[in-house]
Amino acid sequence: MSDIERAAALIRAGRLVAFPTETVYGLGANALDAEAVARIFAAKGRPSTSPVIVHVDSVEMARRLAAEWPEAAETLAERYWPGPLTLVVPKASRIPDIVTAGLPTVGLRMPAHPVALELIRTSGTPIAAPSANRFTELSPTLAEHVAEHLADFVLDGGPARVGIESTVLSLAGRAELLRPGVIPLPEIEALVGPVEVSSGVGRGAHPAPGMHLRHYRPSTPLVLLGREAPPPAGHGAWLRLGLEMPQNAAEYAASLYEKLHELDRRGLDWIAVEPPPDRPDWAGVLDRLRRAAAEKVTR
Ligand code: TXA
Ligand code: MG
């Protein structure tokens with residue numbers, strides 16, 4: 001039996017499988033099995049008010065899980081799927097309420113990773129999956145980042161190529177950006193028209209159900225600091241553009257969490273990050289950095 005067949009058998013049996021996607025590793029369960037999805041919430045320590053993204057292996061599968069599939073969803077899926085874009089649409093009744101935290105909508109995404117797609121296909125069911133970390137921890141971008149005992153099985157698919165979580169766009173009503181990712185918003189707007197930006201996006205606030213402040217945070221205090229600023233007291237590490245970190249937004253995103261995981265293991269007093277430019281191509285990275293920095297250093 002291959003690893004994917006073994007993982008698919010576990011999914012069908014209502015168990016949890018950590019699997020690679022192009023963004024971050026997911027903690028997956030059969031999206032049509034409420035008890036299996038309840039295990040995700042228990043394992044992560046995730047509040048039941050936080051909806052989970054449902055992963056599909058085709059646009060057809062997505063349409064079957066939506067009560068409505070707007071024109072804009074078709075356009076965006078055609079352009080970006082498989083890829084790092086989650087589309088929030090009215091949900092079909094087959095999706096248990098626990099998946100969507102009681103909301104009448106569901107977030108759907110077709111991941112651009114061969115292992116993820118093969119797992120969904122072999123399981124024969126859509127897979128509900130948040131990032132494969134405990135609620136307050138950083139998302140995993142390597143199989144080694146997935147905590148022991150979080151999943152019944154971990155599929156290793158190498159490093160996540162994109163490196164930060166998908167762009168989340170609501171198409172239930174007026175188009176609204178709930179979470180920025182690596183796709184620049186102007187590119188989406190060129191295809192489907194104006195998109196509202198959820199009030200908390202980029203400010204470390206609380207833009208959508210489940211977008212809690214403590215997401216995306218290393219346990220080492222992180223501060224956003226210009227490179228000329230005096231560093232905090234104690235032992236720390238800098239992440240500066242073009243020095244410790246790439247100058248290109250996509251490359252930066254691809255290495256950010258791995259870098260933070262690595263620094264987090266060193267028991268430092270602080271991590272100082274030079275803020276990247278406030279531009280559409282950096283919006284996803286900037287959002288994660290602002291969330292990661294939301295707790296001030298108090299020493
Ligand atoms: O890249 C990703 O999206 C990764 C991989 C595994 O696919 N998943 C991920 O899941 O980041 P999670 O649970 O950590 O983040 C999902 C976010 C939630 O914070 C929530 O705000 C939003 O997606 N979301 C999901 N369903 C929603 C819904 N029905 N309405 C509004 N927001 C929703
Ligand atoms: Mg997460």
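In the predicted model, helix H2, formed by residues 34–44, lies across two strands, S2 (26–30) and S6 (127–128). The direction of helix H2 makes an angle of about 150° with that of S2. Both strands belong to an open sheet of ten strands, in which S2 and S6 are neighbours in the order S7-S1-S2-S6-S3-S5-S4-S8-S9-S10. The pairing within this sheet is mixed. Its edges are formed by strand S7 (153–154) and strand S10 (196–197), each of which pairs on one side only. At the S10 edge, strand S9 (residues 176–179) runs parallel to S10 and is joined to it by two bridges. Glu176 has Glu196 in S10 as its bridge partner.

Two backbone features occur in loops that flank strand S4 of the ten-stranded sheet. The peptide bond between Trp81 and Pro82 is cis, with an omega of about -10°. Pro82 is located in the loop that connects helix H4 (71–80) to strand S4 (85–90). In the loop between S4 and strand S5 (105–109) lies Ala101. Although Ala101 is not a glycine, its phi is positive, at about 55°.

The protein is divided into two domains, domain 1 spanning 3–197 and domain 2 spanning 222–298. The contact between them takes 20 residues from domain 1 and 15 residues from domain 2. The C-alpha centres of the two domains are 26 Å apart.

A second open sheet is built from three strands in the order S11-S13-S12, and its pairing is parallel. Strand S11 (222–224) and strand S12 (236–239) are the edge strands, each pairing on one side only. On average, neighbouring strands of this sheet are turned by 20° against each other, direction ignored. S12 pairs with strand S13 (residues 270–273) in the parallel sense, over four bridges. In this pairing, Ala237 stands opposite Ile271 of S13. Helix H7 (residues 249–264) packs on the three-stranded sheet and touches S11, S12 and S13. The direction of helix H7 makes about 175° with that of S12.

The second largest pocket of the model contains about 330 Å³ of space. This pocket lies between the two domains, because domain 1 (3–197) and domain 2 (222–298) both give residues to its lining. Sixteen residues make up the lining, and those closest to the centre of the pocket are Glu137, Leu138, His145, His261 and Asp264. Of these, His261 and Asp264 fall within the residue range of helix H7 (249–264), the helix that packs on the three-stranded sheet. By residue class, the lining of the second largest pocket comprises seven charged, five polar and four nonpolar residues.

Notes: Residues are numbered from 1 along each chain as its sequence is written. Chains are lettered from A and ligands numbered from 1 in the order in which they are written. This is a predicted model: local features need pLDDT of at least 70, side-chain atom pairs count only at pLDDT 80 or more; totals for chains, interfaces and linings use all residues. Side-chain values use heavy atoms; hydrogens and water are left out. Two strands pair if DSSP finds at least two bridges between them. Axes are lines fitted to C-alpha atoms, for helices over the stretch in contact, and angles run from 0 to 180 degrees between N-to-C directions. Contact means heavy atoms within 4.5 Å. On a 1 Å grid over the protein atoms alone, a cavity is a set of points where a 1.4 Å probe fits but cannot get out, and a pocket is an open set with protein on both sides within 12 Å along at least five of seven lines; lining residues have an atom within 4 Å of a point. Grid points are joined across faces, edges and corners, and a volume is the space filled by probe spheres set on the points. Ala, Val, Leu, Ile, Met, Phe, Trp, Tyr, Cys and Pro count as nonpolar, Asp, Glu, Lys and Arg as charged, and the others, Gly among them, as polar. Domain bounds come from an automatic or database domain assignment.
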